[in-house]
Amino acid sequence: MVEANAANGIGPVADLAEYGRRLVYLAPRITPRDREVLAGLHAHHVMATGQLHRLYFPASGGRRCRERLLQLHRYELLDRFRPFPGRHVADRWVLAPLGAALVAEHQGLEPHELGFRQDRVLARAHSAQLRHTLGLVECLIATTQAARACEDARLAIWESERECALRWGRYIRPDAYMRWCQGDTELDAFWEYDTGTEPLTKVQRKMAGYGRLARESRLPSIVLFAVHSQTREDHLARKLASSVTGTVGAYVTTHEHLGKTGPAERVWWAAGGRSRERLNLVDIARRHPRKEQGQGDSE
């Protein structure tokens, strides 16, 4: 379990004796919530302090969260950076090599099988993708908080971009996939977080992959687009209208709506819809009744 070297980014735990001593030391000190934090940072690459607070410390104050993150940093499980200097700039947190090794242990993997590279993780401090990464985490947080606030709702599944690529990479590479359960309805949907850097025609071309997936799986492909402005929402909804079918749905909202109202409420505008009436997640699920896999006609 401890095969590791500098090439795969987990070099500091390559020495077997030292690795064993660290595990013995950490065993009584790492809590189940700590493991959730480590796994979350592996899945989503980087999170700000406030994001970790809202996801994993919802019943605790901000100070308690910061103290625990600093303790995990002292344990050499986490690294941190700030994208630009400033007294009030929040830390961004990423996995450290030892933290990645613990995630691998918990998942029953060899460290090199986790695909962790410390150099790539720290490079996100300078990456143009940092805004996209943190914005997508905000979608997860908003959905998680919506489920907590609704008595009969739960976020049953949220899979990261990496997990989506492994499952559906031959068709699509969405930013995330979720299963939302509320009352007697279930919604399986893909997320696309848009920062406005791609031309609308390129965004629209992604729908061909969702169409192929729907035809071959005989299951609906429902895509939720979160965009940065009302204007972008209007233009994208019109652009996607030609890609909508009975089994392929596209729904658009803005980052502002997600942050203020939440994804479970009536914030979604159906591309190709006849009206501007906003829909909630239950509405979307009922518009796309799910057939049993392998049943029904493919388009």
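Let's start with Glu192, which is buried, with a relative accessible area of just 4%; the cut-off for buried is under 20%. Keep in mind that this is a predicted model. From Glu192 we'll move on to the largest pocket, helix α7 and some aromatic rings.

**Glu192 and its surroundings**
- Glu192 sits in strand β6.
- Leaving aside residues up to four places away in sequence, Glu192 touches Arg173, Pro174, Asp175, Lys206, Tyr210, Val223, Leu224, Phe225 and Ala226.

**The largest pocket**
- The largest pocket holds about 580 Å³ of space.
- Its lining is made up of 30 residues, and the closest to the centre are Gln129, His132, Glu161, Asp175 and Tyr193.
- Three elements give two or more residues to that lining: α2 (32-44), α7 and β6 (185-193).
- The biggest share comes from α7, which gives 6 residues.
- Sorted by type, the lining residues come out as 12 nonpolar, 9 polar and 9 charged.

**Helix α7**
- Helix α7 covers residues 130-149, 20 residues in total.
- From first C-alpha to last, α7 reaches 29 Å, close to the 28 Å you'd expect at 1.5 Å a residue.
- Of the 20 residues of α7, 15 are buried, so this helix is largely enclosed by the rest of the structure.

**Aromatic pairs**
- There are 7 aromatic pairs in the structure.
- One of them is Tyr25 with Tyr75, an edge-to-face pair with 6.1 Å from centre to centre and 85° between the planes.
- Tyr25 belongs to helix α1 (residues 16-26), while Tyr75 is in the loop between α4 (62-74) and β2 (78-81), so the pair ties together parts that are 50 residues apart in sequence.
- The two partners are not equally covered: Tyr25 is partly exposed at 43% relative accessible area, whereas Tyr75 counts as buried at 13%.
- Phe190 and Tyr210 have ring centres 5.3 Å apart and planes at 50°, so their pair is tilted.
- Phe190 lies in strand β6 and Tyr210 in helix α10 (residues 207-217), so here the parts tied together are 20 residues apart in sequence.
- Phe190 and Tyr210 are both buried.
- Together with Trp168 and Tyr177, Phe190 and Tyr210 form one aromatic cluster.

**Where the topics meet**
- Strand β6 turns up several times: it holds Glu192, it gives residues to the lining of the largest pocket, and it carries Phe190.
- Tyr210 also links two topics, as a contact of Glu192 and as a member of the aromatic cluster.
- Asp175 touches Glu192 and is among the residues closest to the centre of the largest pocket.

How values were computed. Residues are numbered from 1 along each chain as its sequence is written. This is a predicted model: local features need pLDDT of at least 70, side-chain atom pairs count only at pLDDT 80 or more; totals for chains, interfaces and linings use all residues. Side-chain values use heavy atoms; hydrogens and water are left out. Helices (H or I, at least four residues) and strands (E, at least two) are DSSP runs, numbered from the N terminus. The expected span of a helix is 1.5 Å times one less than its number of residues. Buried means under 20% relative accessible area, exposed over 50%, partly exposed in between (1.4 Å probe, protein chains only). On a 1 Å grid over the protein atoms alone, a cavity is a set of points where a 1.4 Å probe fits but cannot get out, and a pocket is an open set with protein on both sides within 12 Å along at least five of seven lines; lining residues have an atom within 4 Å of a point. Grid points are joined across faces, edges and corners, and a volume is the space filled by probe spheres set on the points. Ala, Val, Leu, Ile, Met, Phe, Trp, Tyr, Cys and Pro count as nonpolar, Asp, Glu, Lys and Arg as charged, and the others, Gly among them, as polar. Contact means heavy atoms within 4.5 Å. Rings of Phe, Tyr and Trp (its six-membered ring) pair if their centres lie within 6.5 Å; planes under 30 degrees apart count as stacked, over 60 as edge-to-face and the rest as tilted.
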